[in-house]
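Q: Please take a close look at one part of this structure and describe what surrounds it. I am new to the structure, so a plain account would help.

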Amino acid sequence: LQNNKIASRTARRTGGAVYSSRGVINMTAGVIQNNTAMSGGGIMLCNNAKLDMSGGTIQNNQAISGPTPWNDAAAGGGVCLSDGATFNLSGTALIQNNSSEEVGGGISVGTIEVSFGHNKLNMSGGVVDGNTANATGGGIFIQGPYGGRDSVGKITAGSITNNEMLGKGQTNFAFGGGGIYVNGFDYPGFGNGQLFL
């Protein structure tokens with residue numbers, strides 16, 4: 001899957017190559033590359049969708065921001081999770097050289113906006129390498145949850161290498177995290193993202 005584009009500066013469009021709502025995707029080989037969207041330059045997962053990726057490559061995809069700088073901020077150059085999604089990354093899977101104009105160059109667990117669901121990244125293998133974000137989480141971004149939900153990253157194996165936060169986004173210097181950034185809120189109804197290594 002390559003060279004697909006749904007990104008727009010004037011409309012909210014997600015899932016450059018694949019958009020999955022309530023679906024299950026099993027990726028064991030192949031390449032998803034050179035795709036563009038506002039969220040999920042490569043793959044967008046939402047509404048309890050699940051991606052099991054044990055092989056193959058998601059590379060050189062891009063998330064660009066939509067109409068409004070904050071609400072439509074770019075998220076998840078490679079893969080984005082929202083409104084109750086799960087990403088199981090294992091084996092020889094590679095998330096490489098993806099970019100986001102705002103958060104989550106490689107993987108974004110949630111977006112800048114509130115997520116109405118439990119978002120979970122389970123990494124037991126694979127590689128997240130060489131991804132960039134202008135504002136937050138070059139490799140992985142984990143957003144804080146809302147309304148008693150969970151936003152969790154569990155990493156038990158694999159590599160997170162050579163990722164970078166560039167300090168150029170709308171949220172420039174407010175956040176950070178070259179490899180991983182975990183966000184939290186000190187505000188009623190909101191909670192903290194969680195990372196288990």
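Where is Val 114 placed, and which residues make a nonpolar surface patch with Val 114?

A: Val 114 lies in the loop that runs between β13 (107–109) and β14 (119–129). The model is predicted. Val 114 counts as partly exposed because its relative accessibility is 32%, and partly exposed residues fall between 20% and 50%. Together with Phe 116 and Tyr 146, Val 114 makes a nonpolar surface patch of about 260 Å².

Two members of that patch lead on to the aromatic residues. Phe 116 and Tyr 146 belong to one aromatic cluster, which also takes in Phe 185, Tyr 187 and Phe 190. The structure holds 5 aromatic pairs. One of them joins Phe 185 and Phe 190, whose ring centres are 4.8 Å apart and whose planes differ by 40°, a tilted arrangement. Phe 185, at 30% relative accessibility, is partly exposed, and Phe 190, at 26%, is partly exposed too. Another ring, that of Phe 196, has the charged end of Lys 154 over it, 6.0 Å from the ring centre.

The loop that holds Val 114 also holds Glu 113. Glu 113 forms a salt bridge with Arg 12, with 3.0 Å between the closest N and O atoms. This pair links distant parts of the chain: Arg 12 is in the segment before β1, Glu 113 is in the loop between β13 and β14, and the two are 101 residues apart. Arg 12 is partly exposed at 46% relative accessibility, and Glu 113 is partly exposed at 26%. Asp 72 joins Arg 12 and Glu 113 in a network of salt bridges. Side chains of opposite charge can pair when their charged atoms come close.

Asp 72 gives a way into a second set of residues, since it is among the contacts of Ser 65 outside four places in sequence. Ser 65 sits in the loop between β8 (62–63) and β9 (79–82). Its relative accessibility is 9%, so Ser 65 counts as buried. Other contacts of Ser 65 include Ser 8, Met 38, Arg 9 and Glu 101.

Arg 9 and Glu 101 also meet each other, their side chains forming a salt bridge of 2.8 Å from N to O. Here again distant parts of the chain are linked: Arg 9 is in the segment before β1 (18–21), Glu 101 is in the loop between β12 (99–100) and β13, and 92 residues separate them. Arg 9 is partly exposed at 46% relative accessibility, whereas Glu 101 is buried at 19%. The cut-off for buried is under 20%, so Glu 101 falls on the buried side of it.

A search of the whole structure finds 4 salt bridges. Among them is the bridge between the side chains of Lys 50 and Asp 52, at 3.7 Å from N to O. Lys 50 is partly exposed, with a relative accessible area of 31%, and Asp 52 is partly exposed at 22%.

The whole protein gives the setting for these details. It has 0 helices and 20 strands, and its C-alpha trace spans about 45 × 35 × 30 Å along the principal axes. Of the 197 residues, 53% are buried. Among contacts between residues at least 6 apart in sequence, 82% join residues at least 24 apart. The accessible surface comes to about 8,000 Å², and carbon and sulfur atoms account for 46% of it.

Terms used: Residues numbered from 1 in each chain as written. Predicted model: local features only at pLDDT ≥ 70, side-chain atom pairs only at ≥ 80, totals over all residues. Heavy atoms only, no water. Helix = DSSP H or I, 4+ residues; strand = E, 2+ residues; numbered from the N terminus. Buried < 20%, exposed > 50% of the residue type's maximum accessible area, 1.4 Å probe, protein only. Contact = heavy atoms within 4.5 Å. Phe/Tyr/Trp six-rings, centres within 6.5 Å; stacked < 30°, edge-to-face > 60°. Lys NZ or Arg CZ within 6 Å of the ring centre and 35° of its normal. Patch = residues over 30% accessible without salt bridge, like charges linked within 9 Å, V, L, I, M, F, W, Y side chains within 5 Å. Areas by Shrake-Rupley, 256 points an atom, 1.4 Å probe, with all protein chains shown as cover.
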